[in-house]
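Please walk through the structure shown below, from single residues to cores, helices and empty spaces.

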Amino acid sequence: MNSDADQQHLAQADPAYASGQLARELRTALTHDDPDTRRRAGERGRSWRSVLTGMAEGVLTIGSRTPVVGLPAWVTPEVLRGGFATGEAGAAGPLTEYEREAARAGGVPCERQALFTYWLSAAGLGRLYDFLDSGRYEVTLPEEAALLTVAWLARTGRTEAAAALVAELAPFAGRLRFTPRPAGRPVPGADAVHRQTVADAGETLARRRPSKAVETQREALTVWGPFGDELLTHWLETADDEGVVRVPERAAHLDWYVRGGDLLWHYRELARRHTHCTKHLDGKQNLAILRDVLDETVTRRGPGPRRLGLLRHAVTSMVRRRGVPGSAPHEALRREQAAQAALPSHHALAQLVLRRLAGLEQSVGLTDPGPLLVPVTEAEARETGLPEGAAIPAAVRRPVEGALSASLETLVERGLVPSAEVLAEIVPQLVAVTAAQAYPEGALRTLAVANHRAFAGRRSLLLLNLQQQVRIEELPWVRAVAGQKTEDGADRVASVALRRLGELAVQAFPATILPNPLVRELSVLARQADLGTPFVEELACDIFTGAFGPKFLASARVAAELLGGGSLYERYYRIDYAAVRNLAIAEAGEALTRPGRPRTSPGFGTLCRERAAAFSPGSRSRSSGWSVADNGTVIEQAQILTTHNLATLVHRVGITPAPGWADLARRSFVAVCRLTGRVHGQVFPLATIKDAAYAWRQMVFQLSLCTARERAATLAWLSEETARHPWPVGARLAPALTGLRQVTEGGHADDGTGRLFLGWTTGGHWLRREPERHRG
């Protein structure tokens with residue numbers, strides 16, 4: 001943590017970003033068509049206004065790990081887009097309903113200071129002990145685990161530690177809530193994880209509205225089709241022996257005119273009640289012609305010759321298309337249409353499944369979604385009017401199946417985890433259980449699981465000056481019970497979980513770099529396993545200050561140990577891993593002799609800048625200005641040197657993906673081709689090009705771990721795979737493939753027509769150029 005002097009001179013983030021976000025939200029709040037969207041934008045706008053006010057008044061220091069004056073780092077801040085803190089604490093705000101209920105039950109005022117005192121009384125501690133014993137509580141923010149920790153310490157005779165924790169919490173007792181929400185079932189502690197809860201599935205189903213297109217079609221079949229038959233039948237009564245419709249004389253056919261008037265009145269009633277289908281209002285449609293001419297006949301002198309001709313054409317067309325009403329072909333068609341119209345809507349079936357979900361625990365996943373997705377039962381048919389046996393459609397099944405609670409591998413296999421980012425959302429559930437295994441006592445272990453899962457939901461702050469995000473070990477209630485951990489077997493459990501998650505991430509998403517939330521969870525397991533394993537995050541180019549922490553050089557040293565000595569990766573990116581290893585040894589020795597030096601790696605930063613200048617000769621020096629693209633070229637070199645955690649996972653964690661490295665390399669190249677195909681026609685393709693270059697780097701790393709035979713076969717396969725994609729893909733990737741081949745033959749990637757495939761550049765990227773198609 002930085003010293004006070006460091007904090008006083010901490011550079012604050014530019015308020016221009018917050019001003020831009022405020023303007024954006026205000027524009028949405030004033031102009032958007034949807035009222036809910038306008039309301040949410042207005043709320044976000046007020047939050048951004050508080051950010052700007054706090055920065056101007058000096059109560060907010062954006063860029064610090066303690067951005068809010070008066071709040072220590074362990075307090076969970078309210079964080080907006082980009083890592084900007086609003087000045088509010090997540091556990092602050094109005095009292096929740098369960099806090100009010102606790103105050104009423106304890107006979108104390110409805111205020112947090114009084115509640116804090118109540119929870120420390122004999123009666124309050126007794127209720128906390130019940131929570132600990134039953135596990136029936138929900139921790140949504142880490143602070144809500146604080147007083148449960150106090151209760152556990154007090155009950156187990158660790159009164160001094162309990163008193164010390166209370167003293168640290170007391171200054172914030174009137175502002176923050178430190179107790180959990182009561183729940184209907186114990187905190188989940190099994191190995192099963194879920195992406196969505198039952199409540200999430202229910203919310204998705206509840207948002208489903210009737211389909212306008214479906215209801216329009218249903219109305220056309222059940223209302224306007226039968227009414228058209230009535231009109232047609234009425235006009236067919238006037239047909240002569242040759243089947244030609246005529247206008248009857250009023251005096252001789254008064255009954256026909258009366259019934260015609262009734263039909264017109266019936267039409268007006270139908271039009272008033274049924275408003276989805278508007279085709280009957282189109283004067284060119286057959287039904288409208290029959291109706292309008294009838295109206296002219298009944299209420300006026302009758303249609304002219306042209307209108308009569310339109311009437312006869314409409315009648316003829318309707319009979320030819322569907323048959324005479326009452327005939328066998330016509331009856332068969334109407335039965336088929338009636339059966340189609342009788343099918344229940346997706347909205348109605350979604351409401352049925354929502355009823356089925358209502359009786360379940362809402363805060364967990366589903367171990368077996370099957371019983372919730374069976375066809376409509378006999379009892380449900382009687383209650384809802386839905387047809388018995390109606391199947392639940394895929395669109396309604398998906399949200400329920402998305403709440404499946406199973407092993408992480410099962411969720412990935414079933415496609416419920418479509419990306420590494422989604423994997424990062426789920427991993428904390430599993431890491432929480434693993435990290436809690438270090439606590440031998442059951443109630444404390446359950447509490448640790450709940451606390452870790454809540455902490456994983458804490459949004460990252462925007463940090464400057466190489467500061468680190470708050471770690472879970474810094475929370476006072478976690479520190480208070482740190483001595484209760486047992487090392488016996490805990491490191492082995494964490495090590496196994498780390499290897500499992502690393503293998504799953506690499507083999508499920510081989511073309512994607514590990515997202516920062518996943519890197520943080522892997523780091524937690526690495527610390528738990530005491531591996532000393534350096535995991536590094538992806539740095540933000542727009543706030544990069546040019547310096548790297550020591551762990552980047554440590555990670556590059558691990559890569560040097562794995563890939564040094566002439567690997568394909570080392571030769572492709574022209575890395576001197578021996579020099580990297582020597583630099584790491586030298587800086588490690590210097591750190592021992594100068595413990596007070598800044599926690600940076602100047603040598604690694606210099607190496608990255610030199611490599612960026614060599615591979616991006618157009619990059620500017622700091623004296624002439626520094627751009628996001630310049631920062632991107634430097635950060636990309638850091639990712640290349642460290643392999644962005646791949647070498648760490650292989651060399652230190654020991655992952656061995658089951659499909660094999662050749663399989664992963666091929667899948668990465670497929671992703672490269674897919675991303676390259678998206679470049680064609682994109683106005684701003686640089687983000688796509690960057691992702692394609694990252695996937696290419698993953699592939700080069702994976703090829704480097706293949707056997708010589710596997711590598712040769714995979715390299716030969718690359719051209720075959722390229723040919724399976726549209727021709728611009730192969731044309732764009734030709735320089736990169738040439739460069740890779742040149743490296744395998746002992747040359748450099750950027751010799752001749754070959755190109756080194758990097759994602760960042762300060763000039764125009766060669767992959768962006770429109771290719772020319774060669775004609776034979």
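Lys690 sits in helix 31, which spans residues 686–704. In this predicted model, is Lys690 buried or exposed? Its relative accessibility is 19%, and because the cut-off for buried is under 20%, Lys690 counts as buried. Beyond its neighbours within four places in sequence, Lys690 is in contact with Gly759 and Trp760.

Two further residues belong to the loop between helix 28 (628–642) and helix 29 (646–653). Thr643 is found in that loop, and so is His644. Most residues other than glycine have a negative phi. Thr643, however, has a positive phi, near 60°. His644 is not a glycine either, and its phi is positive at about 45°. With a relative accessibility of 1%, Thr643 counts as buried. His644 is buried as well, at a relative accessible area of 2%.

The nonpolar interior comes next. In soluble globular proteins, nonpolar side chains tend to be buried together. Here the largest nonpolar core has 101 residues, and the ones with the most contacts inside it are Tyr572, Tyr573, Phe669, Trp696 and Phe757. Helix 30, residues 661–679, gives the most to this core, namely ten residues. Apart from this core lies another, of 71 residues, with Leu71, Ala73, Ala103 and Ala145 among them. Back in the largest core, which residues does Tyr572 touch? Not counting residues up to four places away in sequence, Tyr572 touches Trp696, Val700, Leu740, Val743, Ala749, Arg755, Leu756 and Phe757. Trp696 and Phe757 are thus partners of Tyr572, and both are also listed among the residues with the most contacts inside the core.

Ala103, one of the residues of the 71-residue core, leads to helix 4. In helix 4, residues 97–106, the buried residues are Tyr98, Glu99, Ala102 and Ala103. They lie on the same side of helix 4, because they cover an arc of only 145° around the axis. The face turned away from this buried side carries the exposed residues Arg104 and Ala105. The cover over the buried residues of helix 4 includes helix 5 (112–119), helix 6 (122–134) and strand 4 (181–182). Just after helix 4 comes Gly107, with a positive phi of about 70°.

Helix 8 can be read in a similar way. Its buried residues, within the span 159–169, are Ala162, Leu165, Val166 and Leu169. These cover an arc of only 100° around the axis, so they fall on the same side of helix 8. Exposed residues Glu160 and Ala167 are carried by the face turned away from the buried side. Helix 5 is included in what covers the buried residues of helix 8, along with helix 7 (146–155) and helix 21 (476–480). Helix 5 therefore appears in the cover of helix 4 as well as in that of helix 8.

The last topic is empty space. Rolling a probe the size of a water molecule over the atoms shows where empty space is left. How many cavities of 30 Å³ or more does the structure hold? There are three. The largest cavity has a volume of about 70 Å³, and its lining consists of Glu99, Arg112, Leu115, Phe116, Trp119, Leu147, Ala173, Leu176, Arg177, Phe178 and Thr179. Helix 5 supplies the largest share of this lining, four residues. By class, the lining divides into seven nonpolar, one polar and three charged residues. Glu99 is one of the lining residues and is also one of the buried residues of helix 4.

The second largest cavity holds about 60 Å³ of space. Arg65, Pro67, Val68, Leu71, Pro72, Ala73, Val75, Pro77, Arg458 and Leu461 line it. Eight of these residues are nonpolar, none polar and two charged. Leu71 and Ala73 in this lining are also among the residues of the 71-residue core.

Turning from cavities to pockets, the second largest pocket contains about 480 Å³ of space. It is lined by 20 residues, of which Trp224, Gly225, Lys279, Leu287 and Arg322 are the closest to its centre. The elements that give two or more residues to this lining are helix 10 (212–236), helix 12 (286–299), helix 13 (305–322) and helix 14 (328–342). Helix 10 gives the largest share, seven residues. The lining of this pocket comprises seven nonpolar, eight polar and five charged residues.

Technical notes. Residues numbered from 1 in each chain as written. Predicted model: local features only at pLDDT ≥ 70, side-chain atom pairs only at ≥ 80, totals over all residues. Heavy atoms only, no water. 1 Å grid on protein atoms, 1.4 Å probe; cavity = no way out; pocket = protein on both sides within 12 Å on 5 of 7 lines; lining within 4 Å. Points joined across faces, edges and corners; volume = space filled by probe spheres on them. Nonpolar A, V, L, I, M, F, W, Y, C, P; charged D, E, K, R; others polar. Buried < 20%, exposed > 50% of the residue type's maximum accessible area, 1.4 Å probe, protein only. Arc of directions from axis to C-beta. Contact = heavy atoms within 4.5 Å. Core = buried A, V, L, I, M, F, W, Y, C linked by side-chain atoms within 4.5 Å.
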